[in-house]
Every structure is written in C-alpha cells, then in structure tokens.
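Here's an informal walk through one protein model. Have the coordinates open and follow along.

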Amino acid sequence: MCGITGLWIPKQTAQGGLGDTVAAMNNALLHRGPDGGDVWIDDAAAIALGQRRLAIIDLSDAGKQPMHSADGRYVMVYNGEVYNAEDLRAKLARHNIAWRGHSDSEVILEGFAHWGIAETLKLLIGMFAIVLWDRQNRKLTMIRDRLGIKPLYWTHHDGKFGFASELKALVAGGVCPRDVDSGALDNYLRFGYVPSGQSIYRKTRQLRPGHMIEIDAEGQMRDSVYWSMEDVVLNGRNNRWAGDDDSAINALEDLLRDAVQRRMVADVPLGAFLSGGIDSSTIVALMQSVSDRPVKTFSIGFEDEAFNEAAFAGAVAKHLGTDHTELYVSADDALKIVPKLADMYDEPFFDSSGIPTALMSTLTRKEVTVALSGDGGDETFGGYNRYLWAKNLAKTAKSIPFGAQQIASALTLLSPRQWDRVCSVLPIGGKAGTIGDKIHKVAPLLAIGNDIDRYVALLELWDPQTVRPGGVVMKTRQFSMCRARSFRATAALIMCHRCRSWIP
C-alpha cells in the first residue's frame, strides 16, 4: 500500500508554493508509505506530484517515485502492484530500454512511453491507481484499476486539480472544501457506504473503477471507460464455456493458481489472512501448493463462540501445514479500535468487519509486509444470499401476470409479529419467528418491475423514500447489532423502536 498525491493549476504559467502544499498532502499519507516519500515539482507548469512508498518489489532507490520515463516525457506516481510486470518487461525488450531497476513501476511507465496509455492498460494485470503527467503535451491522466481496489480521490476547485489516495491528504493541502454532499450522505444511509464516483465531500469525487480521466492544458476534462464489467459479462454470455464440468473445474483451478502465484512475487515477507472459510482457505491452499516453505497465516479469535472462527482456521492451517499465528481479542480490544475508524476510512462506513480487519492487519504487520486474503470471492462466485434472493424474486414476480402491487400491499396488512403468530400454528419449515420479517422484506420487492431495481432494493439498508434531511423515521430491513428491525436515525445516533436503546 502506497499513497499518491498531487496538485495542478491548468492555464497557469508559473506557480510557487506548490511543493510545500503537496509535501503537506504527502505527509498525511505517511501510514500508507513508511519506506520513503518524495515530491516532484515543476513550478513553470504549476504542477507537483508526491508519493509515499511502501517498498514491495525492488527495495532500492531505483523504485522510488515520482518516476520519470527514460525519454523524459512522462512523470508518474502510482499505488498498487502489476503482477505480470516481468512478462511486459520481456515484451519491451525490442525497444532496448536501459532499465534502472526491476520495479513494476518502471515497466508500467515505459509501457506508456512506447505503447501508449490505452494499449498498455489492456495489458496490465493488477490493482493500481496511476497519475501520469505528460510534460510534452501538458496533460494529466488519472487511472483507476478495473475493480477499484486501489482508491483515488480527486477535486476540481478554484481552478485547481488535486488528487490523493485518501481524502485526508486533500484536506491537509487545503484543496478540499469539507462541505458534505447530501446525495452521498443519502447513499451512505441507503447502502452503508459512499458509492464509487462520489465522496462524502461535495467538491470531491472518487475516480470510478475502470475509468480514466484526462485533463488538458485548458483545464478540460474527458472521462472515459477503458474496461467494463458489463462488457465482460455480455462476452461471457455470448461465448459460453464449451467443455464439461470437470474441464471447467480444472481450468478454474489453473487460473486461480496462476493468479495466486503472481501475487506471491515480493521482495518482502508475505503471508495470508485465514478465517477458515471457503474463500481464504482456497487462497491459502493454492499458496501452499506453489510454496517450498510453510506459508505464514494469521487469524483472529473471539471470546464469544458465536463469532469465533479461529478453530476452523486452525484446522485448515494444520491440514495445510502452514506457519499459523492466531490472536484472541476481547470486546475491549475491539472498542479501542472504534475511535480510530474515522481516521482509517475517511468517510462513513457501515460495515462492522472494519474492526476485526484492523485487528488482523495489526497482528499480521508484525511479521509480514504483504498479506493475501479471500476478499472478493463471494462477489465473483455468487456467495451472498442476495444473489439467490434476486434470482428467485425475479421468477416469482414474472409469474404474477397482474396485480403485483396489490399483492405486495396485502402481504403487509399484517405486521411481522402477526405473521409470526399466524405461521407458528402452520406446518411450515424454518424458524417461524423470522417469517414475518421475511414477508415484509419480500413484499415490496415483488412490486418492482425491473430486475436491476429489485436487486438494488435488496442492497438497501434504509427505505430511500423515508430518508429526509434532519433525521426522521427510517426503516431498515436488517441490522445485525440489534434484535429489532426498525430505527429512528439522527445525525449521530440510531435508536431502536422496540428496545428503546441508542446505538452509536
């Protein structure tokens, strides 16, 4: 994890003081890059770029940034890792480049110089946030990886373009007004996070995944898509797998092993998060299959057995023969993390997994610099219940030829508790005490005519029709911190209607 920052004033022929501003922005990202930090300044072009470095590949000064292309045309700052850098280095061999080191940063930069930006992006396998300054054409290009794994915020205010890996850097440079964006706040309340493309501040945006923004010398912006998940899905539908199940399984295993092995290339100690679930266990198994020594694995245990997965992780570690470390944490350990969360995330973030993730990262960093995890497995392989819900609801909705709205209204005439009482005397499977909530969750979804809108509704924590400025009654479909399902929200607290307790 590195951090990148920068500030440019288009149409300005000369500007002093930019170096101090970007240095302040860079210093705000010290936690992202403890191995070095530099700022490059071109006062004549009114631009400064900064980077905080966490050295993973090529620990020498040859990997330092901001980095200049061999021909002197481009200056780049970059956060991430490209896993096929050596393959690309071999492709660049015919250009007779005098390589200064073996970092992936240099490979990316020389790819831009020799193949162009668009062609190079097609070849990159990895996660990245890249900002490239073209000294010849006075053009700034900001690029974010296909799935948005690496963050990149940008702002255009008072004729200045600023960017950074985190909002706190833009605030430190005084280039980010801290007025809250009401639309982003609404989306946070609906989904539990600020969606990509927005930020919690009105004048600041996240660069969207798979997007590239180019800014010319006149300050004109062009936002373009260089990769689209929709295109990939459509291509998959049009070119379905032709083999049988066994060949598909073997091909998938080969693909996953190649992906894992590429991510294990590092000049620093490397390990993995292990929870004992399918995703992280698969990653660790593949790591161990290509490693000639026990892989270092780490897990967190909890005193409350209802949430403790350490035993599963321990069993997987023993089976695979990893070098396993586990740490049991208490409620007090978790509470100590809470005051730090706002600084960690910069923006409101509704997922309680942020606490164990922070604890796990602290434990892991004592022994390794890089850790692989199973994040993204549920999204890739359909592991969330909402995927099945969406599919089944779509079928059910299509089976209702007319009157879906009336049926949905009729299902909510009884309260969840009344439905629970009715269902408790019926010979049905499942837990009768939860059926009322499920009926009230499903009913409004049946009345939605569009499959995508219905899926978005499944994602919502709050009813968007009841979100109002100033804190009014809102409804939630699910909230894991409380037994009840309906809350009143204010700017700072949420109150449960049933148990009348305040939840921070």
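## Starting at a hairpin

With 5 residues between them, S11 and S12 make a hairpin, and Gly219 in its turn has a positive phi of about 85°. Before going on, note that this is a predicted model, where local features need pLDDT of at least 70, side-chain atom pairs count only at pLDDT 80 or more, and totals for chains, interfaces and linings use all residues. Residues are numbered from 1 along each chain as its sequence is written, and side-chain values use heavy atoms, with hydrogens and water left out.

Back to the hairpin: strand S11 (residues 211-215) runs antiparallel to S12, and 5 bridges join the two. Met212 has Ser224 in S12 as its bridge partner. Helices (H or I, at least four residues) and strands (E, at least two) are DSSP runs, numbered from the N terminus, and two strands pair if DSSP finds at least two bridges between them.

## The sheet around it

The hairpin belongs to an open sheet of 6 strands in the order S4-S5-S6-S7-S11-S12, with antiparallel pairing. Strand S4 (67-68) and strand S12 (221-225) are the edges; each has a single partner strand, so one side of each is left without a neighbour in the sheet. Strands of a sheet pair through backbone hydrogen bonds, either parallel or antiparallel.

Inside that order, strand S6 (residues 126-134) and strand S7 (residues 139-144) pair antiparallel over 6 bridges, and Val131 is bridged to Met142 in S7.

There's also pairing among S8, S9 and S10. Strand S8 (residues 153-157) pairs antiparallel with strand S10 (residues 204-206) over 3 bridges, with Tyr153 and Gln206 as bridge partners. S8 also pairs antiparallel with strand S9 (residues 160-164) over 5 bridges, and here Trp154 is matched with Phe163. S8 and S9 form a hairpin with 2 residues between them, and Asp158 sits in the turn.

## Backbone oddities

Most residues other than glycine have a negative phi, and most peptide bonds are trans. Here are two aspartates that go the other way on phi:

| Residue | Phi | Loop |
|---|---|---|
| Asp158 | near 55° | between S8 and S9 |
| Asp346 | about 70° | between helix H11 (331-345) and helix H12 (354-365) |

Are these two buried or exposed? Asp158 counts as exposed at 64% relative accessibility, whereas Asp346 is buried at 19%. Buried means under 20% relative accessible area, exposed over 50%, and partly exposed in between (1.4 Å probe, protein chains only).

For the peptide bonds, look at Gln65 to Pro66: this one is cis, with omega near -5°. Pro66 lies in the loop between S3 and S4.

## An arginine indoors

Arg52 is part of strand S3 (residues 47-52) and is buried, with a relative accessible area of 10%. Beyond its neighbours within four places in sequence, Arg52 has contacts (heavy atoms within 4.5 Å) that include Cys2, Gly3, Asn26, Leu30 and Pro34. The C-alpha atoms of Arg52 and Val77, 25 residues apart along the chain, are separated by 9.4 Å.

## Stepping back

The protein chain holds 18 helices and 20 strands, and 42% of its 504 residues count as buried. Its C-alpha trace spans about 80 × 55 × 50 Å along the principal axes. Of the contacts with a separation of 6 or more, 61% come from residues 24 or more positions apart.
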